[in-house]
Amino acid sequence: TLLHEDGTVFLENTNVKFDVIIVDSSDPVGPAETLFEEAFFGKVKRSLADGGILTTQGECIWLHLQLISEVLSSCGNLFPVVNYAYTTIPTYPSGQIGFVICSTGKNVDPEAPTRKVPDYMKGELKYYNGDIHRAAFVLPEFAEVKVTPYRKKSARNILNISLDDSTIRTLLISSAVACLVGFTLGKMV
């Protein structure tokens with residue numbers, strides 16, 4: 001089902017619990033500004049199942065470190081697991097984009113890949129592998145110093161959700177192409 005409506009309003013009016021909510025928003029100006037506020041993250045948390053995962057567009061460490069810190073702080077007020085990762089995207093400002101990743105489950109570890117790339121796919125992949133996944137959470141020192149106070153890591157290094165389960169309910173709140181889907185769900189694309 002594809003809905004074309006305000007994500008904030010949708011979350012206010014739904015009782016559905018999602019395993020994963022992906023917010024691929026534009027920058028926090030105008031209508032998208034609410035998607036970076038603690039009140040919105042509270043609505044997301046209410047809509048996540050136990051052990052559910054939120055990932056949201058996390059801006060650029062080179063340009064928006066203060067905003068990233070504020071978003072992580074807001075999420076830290078709500079979620080037991082809060083983390084930040086980044087990747088290179090040549091067409092984005094400064095060639096980089098970040099991801100704020102949170103979970104309602106204390107045992108969810110976003111830094112650990114949930115499964116290995118199958119041998120038959122290794123030659124097909126152009127970017128993703130387990131090392132790239134783990135490295136996405138390693139930040140340059142200037143950013144790590146700002147982000148570390150807000151990271152809330154998993155109680156264990158075990159992900160207690162099977163992400164290859166086709167029954168996972170995912171909500172994508174997007175105003176752009178959903179580049180976060182493959183990264184967050186561990187899809188090998």
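Start by selecting Gly 76: leaving aside residues up to four places away in sequence, Gly 76 touches Val 82 and Lys 152. You will find Gly 76 in helix 3. Because its relative accessibility is 17%, under the 20% cut-off, Gly 76 counts as buried. Now add Lys 152 to the selection and draw a C-alpha to C-alpha distance: Gly 76 and Lys 152 are 7.0 Å apart in space, although 76 residues separate them in sequence.

**Step back to the whole chain**

Keep in mind while you look around that this is a predicted model. Switch to a cartoon view, and the protein shows 6 helices and 5 strands. Following the chain along the sequence, you pass through the pattern α-β-α-β-α-β-β-α-α-β-α. Of the 189 residues in the protein, 47% are buried. Among contacts with a separation of 6 or more, 75% are between residues 24 or more positions apart. Switch on the surface next: the protein exposes about 9900 Å², and carbon and sulfur atoms supply 55% of that area.

**Color by confidence**

The average pLDDT of the protein is 82, and 81% of the residues score at least 70. Select residues 157-167, where the pLDDT is below 50; in the model this stretch has 20 contacts beyond near neighbours in sequence. Then select residues 174-189, where the pLDDT is also below 50. That second stretch has 42 contacts beyond near neighbours in sequence. Where pLDDT is low, the predicted coordinates should not be read in detail.

**The salt bridges**

How many salt bridges does the count come to? The count is 5, and three of them make good stops on this tour.

- Select Lys 43 and Glu 12, which form a salt bridge with their closest N and O atoms 2.6 Å apart. This pair links distant parts of the chain, 31 residues apart: Lys 43 sits in helix 2 (residues 38-47) and Glu 12 in helix 1 (residues 7-13). Lys 43 is partly exposed, with a relative accessible area of 21%, and Glu 12 is partly exposed at 44%.
- Move to Asp 119 and Lys 122, a salt bridge whose closest N and O atoms are 3.3 Å apart. Asp 119 and Lys 122 are both exposed.
- Finish with Arg 151 and Glu 144, whose side chains meet in a salt bridge at 3.7 Å, N to O. Are Arg 151 and Glu 144 buried or exposed? Both are buried.

**The end of strand 2**

Select residues 48-57 to light up strand 2, then pick out Gln 57, which belongs to this strand. Gln 57 has a relative accessibility of 6%, so it counts as buried. Show its side chain and look for Ser 26: the Gln 57 side chain reaches the backbone oxygen of Ser 26 at 3.5 Å.

**A nonpolar patch**

For the last stop, select Trp 62, Leu 63 and Phe 142 with the surface on. Together, these residues make a nonpolar surface patch of about 330 Å². Where along the chain is Trp 62 found? Trp 62 lies in the loop between strand 2 and helix 3 (65-76). Trp 62 counts as exposed because its relative accessible area is 52%, over the 50% cut-off. From here you can follow the chain into helix 3, which also holds Gly 76, the residue where the tour began.

Conventions
Residues numbered from 1 in each chain as written. Predicted model: local features only at pLDDT ≥ 70, side-chain atom pairs only at ≥ 80, totals over all residues. Heavy atoms only, no water. Helix = DSSP H or I, 4+ residues; strand = E, 2+ residues; numbered from the N terminus. Buried < 20%, exposed > 50% of the residue type's maximum accessible area, 1.4 Å probe, protein only. Polar contact = N/O pair within 3.5 Å; in protein donor to acceptor, adjacent residues only side chain to side chain. Patch = residues over 30% accessible without salt bridge, like charges linked within 9 Å, V, L, I, M, F, W, Y side chains within 5 Å. Areas by Shrake-Rupley, 256 points an atom, 1.4 Å probe, with all protein chains shown as cover. Salt bridge = Lys/Arg side-chain N within 4 Å of Asp/Glu carboxyl O. pLDDT = per-residue confidence, 0-100. Contact = heavy atoms within 4.5 Å.
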